[in-house]
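Trainee: Please take me closely through one part of this model, the place where the two chains meet. After that, set it against the rest of each chain.

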Amino acid sequence: MQAFAALFAELDATTRTRVKLDAMKDYFEQVEPTDGAWAVYVLTGRRMKRLIGARKLRDWLGEASGLPDWLVEETYQHVGDLAETVSLLMDDGEDRPAVEGSLAEWVEQGVLALRGLDEVDQKARVLGHWRRLPRSACFLYNKLLTGSLRVGVSRGLVERALAELSDRPRALIARRLMGEFEPSADFYRHLLSEERREERDGQPYPFFLASPLESEPHGLGPLTDWQAEWKWDGIRAQLIARPADAEPNQVWLWSRGEEPMAGRFPEVEAAAGALPEVVLDGELVAWKDGVLPFSEMQRRIQRKKIGDKLLREVPVVFLAYDLLEYRGRDWRSRPLSERRVALEALIADTDAPALKLSPTVVADDWPALAALRENSREHRVEGLMLKRADSPYRSGRVRGDWWKWKLDPLTLDAVLLYAQPGHGRRANLYTDYTLAVPDGDTYVPIAKAYSGLTDKEIGQLDRWIRRNTVEKFGPVRSLRPHHVFEIAFEGIQPSSRHKSGIALRFPRIARWRQDLTPDQADSLTQVKELLNAFGS
Amino acid sequence: MTKDQSTPPLIVPTDQGLYCAAGDFHIDPWRPVPRAVLTHAHADHARAGSQRYFAQADGVPLLRHRLGNQDFEPLDYGERRRFGAVRVSLHSAGHVLGSSQVRVEHDDGRVWLFTGDFKRDADPTCAPFEVVPCDTLITEATFALPCYRWPPVERVGERIHQWWSGHPDRPCILFAYALGKAQRVLAALAAHTDRTVHLHGAMVPLTELYRRAGVTMLPTEPVSALPRGHDFSGALILAPPSAAGSPWMRRFKSASTGFASGWMRIRGNRRRRGYDYGFELSDHADWSALLRTVRDCGARTVLTTHGRSDELVRYLNEVEGVDARALSTLYGGEDD
Ligand SMILES: [Zn+2]
């Protein structure tokens, strides 16, 4: 773990991308594959299931440090990070010998092996480590124990470091890192190995994400350089169809959150059975002679098994808007205009009602397009997408080629951090939420919102809240960052009264983004960009 | 204890600062008063405009530099002065050069002690902290949480030196308070090297005053003595925190930055302030030094000033069995 602690210190001590990349490359170059796998796992923000609750760790810390519980609590509030608080309070000023054992040994024996033990033995082990480990290693150990390690490297940066080191395309590394993986030596060797043909089967490409347009669009140049489409209020998805030994195709459907959605949208999977070998990007929406409100779609999302009745009531279609692979060839570097022509032909040849083309929106000039955008609500869409006609299909959020030009209200995706019970009818349910956005290592509250959810969702969330409380302050519960909600609001302004420096006007929950994880929420920096663009 | 209840307190907070009515003087007043006793030259303790100042002799040159020409009366540590019904003496606080605790002994036998800012860690740039027995202790509480425990200064000096020698291709800018901290860094680094350190203008006269007081430090050179366009790669530059982000920084291309402060013990503090490196070096008492001082002084009553004192007060009452209360003053936000 010594080498990983040194890497952590280097990453933590710089804001320079190049320095971070070189530090990671140096580390990955000399590391044993098992350690490399765990380092990738941790650095890309994956977390192990929490074996010991934060509450319990704080109790143990009181005992181990000899301090009263209230003082441990105050200190934790001051430090703001439990793993760090442990490392500081267990520092008795003595020099401790450097830590032995690899990162993998620490994860497997120091953390995962606690699983089979009863509480007495768990405590004895953990306290033993706290008393022996030097401060920086103690901090890392507790980070592994309590969840994720945010260290100021994005997943993209880890991918870049691995790509540079192995001399493989970054997209290949990114694809191999999608979804869940088992952090083993074999995985690590495979991660850096040459691409194999069969590997591509079923794996999605990294999504190209649009950035919010923060100024008037005529700054983008002539409209003829751009392709406009509706911005659908559905579920972004990648549809992969590959020929199987017997007809029909084998089909995979992936959400933007890299969740496989097999079996959730049978009508779409069936429709894709007759396609040639393709990978499509598009949106899943509920559809009956036109798009249905998102609340209808939600009825489908919440079910893992879909009955015939629901299939009839809420049919779902895939609105295709991009073609990433065509007849087995990667088309992502070709210009959008060329991909679009092929996509239109492809959909026209496919006689399946559950596969539709997401139409382009055509206007003579920007003002005319802006006028169409004003009608977005009538079309039950969120606004327009602007895509540069000659753009390749990039991976991740790269600014410049794809913009989402949403209609008001403004929205952002925030993470549920605190909850408290409502009033009256809902006094026994947690319905008042504090939502926060990630800012480096922490979350900063951005808005309080009273539920805009259905009773069923409230009940579901209420049960989750009770099971996932980190701590209680009177009626308020602080929660493990997990659920993401889209909040809609009427205005944004600077505020010295709020820690975030920002106040939102009339914030409300627009919807539960079960397709997003907390690290996909908007960051405080992005919120500040919104403030700059729309602040009054 | 009954004495404190029956007689008025010897020192009380007022709009001007801490005030001793029995001796008619103020300690570290922030507004002009007739008679001021100063603990040290940091800006939130030493303000100009009072009629007469009493301070420890080593600190007077620093006070003159900061406050200009005022009427100073230098005292030695331990030297007693009678003011009305009390005798006042200054005792080393170990905070910065010439820093004092103020002992006030009433003719009725009561002894009160104000620590001012103090620390108990080794520091070759000033006299070590002196334990002064008292009945009532007024203590600072800048770092009054158990997460604050300072590593030995030698180890911090070593880390700063590693950082400096590990960046031969970039300037290393270390932010540190101009009075006390900068000189302590220069003294700690002398164990590792004899290279010259470059100073921001604000530190030049203060460092010179420390040299004149006989403090051994690395050789220094003002940044301003070097021609425009000078290549600072591999150099260590000391600057006050206020210089961070100022146009002055433009001289130093792609610098690595560090901050020497007790606050740097917390990772989030360093990251929020945007320094590349944090070095835990404080001129204040850490948690254990605060508790040790309360015990060593034998005080039955403890009053706290500065910063977050609620936890210290509660801990002293509940765990140490000492009668403790927070005293509201306007100090704070200062150094470290
Ligand atoms: Zn001071």
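**The interface between chain A and chain B**

Mentor: Start with the area. This is a predicted model. Chain A and chain B bury about 2,300 Å² between them. Carbon and sulfur atoms give 47% of that buried area. On the chain A side, three residues lose the most area to chain B: A:D12, A:W70 and A:H78. Together they make up 27% of what that side buries.

Now the residue counts. Chain A brings 27 residues into contact with chain B, and chain B brings 25 into contact with chain A. Thirteen is the number to keep for polar contacts: there are 13 residue pairs in polar contact between the chains, both residues at pLDDT 80 or more. Four elements of chain A each give two or more residues to the side that touches chain B. They are helix 1 (2–12), helix 5 (69–79), helix 6 (82–89) and helix 9 (135–146). Helix 5 of chain A supplies the largest share, six residues. Sorted by class, this side of chain A holds eleven nonpolar, six polar and ten charged residues.

Go next to the charges. Six salt bridges are counted between chain A and chain B. One of them can be followed atom by atom. The side chain of A:D12 meets the side chain of B:R270 in a salt bridge, 2.5 Å from N to O. A:D12 is also among the residues of chain A that lose the most area to chain B.

Look now at A:D91. This residue sits in the loop between helix 6 and helix 7 (103–111) of chain A. Helix 6 is itself one of the elements that give two or more residues to the side touching chain B. Is A:D91 buried or exposed? A:D91 counts as buried because its relative accessibility is 18%, and the cut-off for buried is under 20%. Its side chain reaches across to the other chain: a polar contact of 2.7 Å joins the side chains of A:D91 and B:R265. The side chain of A:D91 also has a partner within its own chain. One of its polar atoms lies 2.9 Å from the backbone nitrogen of A:G93. Leave aside neighbours within four places in sequence, and A:D91 is in contact with A:R96, A:R135, B:R149 and B:R265.

Now step back to the chains, chain A to begin with. Chain A has 19 helices and 21 strands. Of its 536 residues, 55% count as buried. Take the contacts in chain A between residues at least 6 apart in sequence: 69% of them join residues at least 24 apart. The exposed area of chain A is about 23,900 Å², with 48% of it supplied by carbon and sulfur atoms.

One backbone detail in chain A deserves a look. A:R327 is not a glycine, yet its phi is positive, about 50°. A:R327 lies in the loop between strand 7 (316–326) and strand 8 (329–330) of chain A. At 54% relative accessibility, A:R327 counts as exposed.

Chain B comes next. Its secondary structure has eight helices and 19 strands. Buried residues account for 59% of its 336 residues. Among contacts in chain B between residues at least 6 apart in sequence, 61% join residues at least 24 apart. Chain B exposes about 12,900 Å², and carbon and sulfur atoms supply 49% of that.

Two loop residues of chain B are worth a stop. B:T115 lies in the loop between strand 10 (111–114) and strand 11 (136–140). B:T115 is buried, with a relative accessible area of 0%. A polar atom of its side chain lies 3.2 Å from the backbone nitrogen of B:E140. Setting aside neighbours within four places in sequence, the contacts of B:T115 are B:A93, B:S100, B:Q101, B:L137, B:I138, B:T139 and B:E140.

The other is B:S254, in the loop between strand 15 (236–239) and strand 16 (256–260) of chain B. B:S254 has a positive phi of about 45°, although it is not a glycine. Its relative accessible area is 40%, so B:S254 is partly exposed.

Key: Residues numbered from 1 in each chain as written. Chains lettered and ligands numbered in written order. Predicted model: local features only at pLDDT ≥ 70, side-chain atom pairs only at ≥ 80, totals over all residues. Heavy atoms only, no water. Contact = heavy atoms within 4.5 Å. Buried area = accessible area lost by both parts, 1.4 Å probe. Salt bridge = Lys/Arg side-chain N within 4 Å of Asp/Glu carboxyl O. Polar contact = N/O pair within 3.5 Å; in protein donor to acceptor, adjacent residues only side chain to side chain. Nonpolar A, V, L, I, M, F, W, Y, C, P; charged D, E, K, R; others polar. Buried < 20%, exposed > 50% of the residue type's maximum accessible area, 1.4 Å probe, protein only. Areas by Shrake-Rupley, 256 points an atom, 1.4 Å probe, with all protein chains shown as cover.
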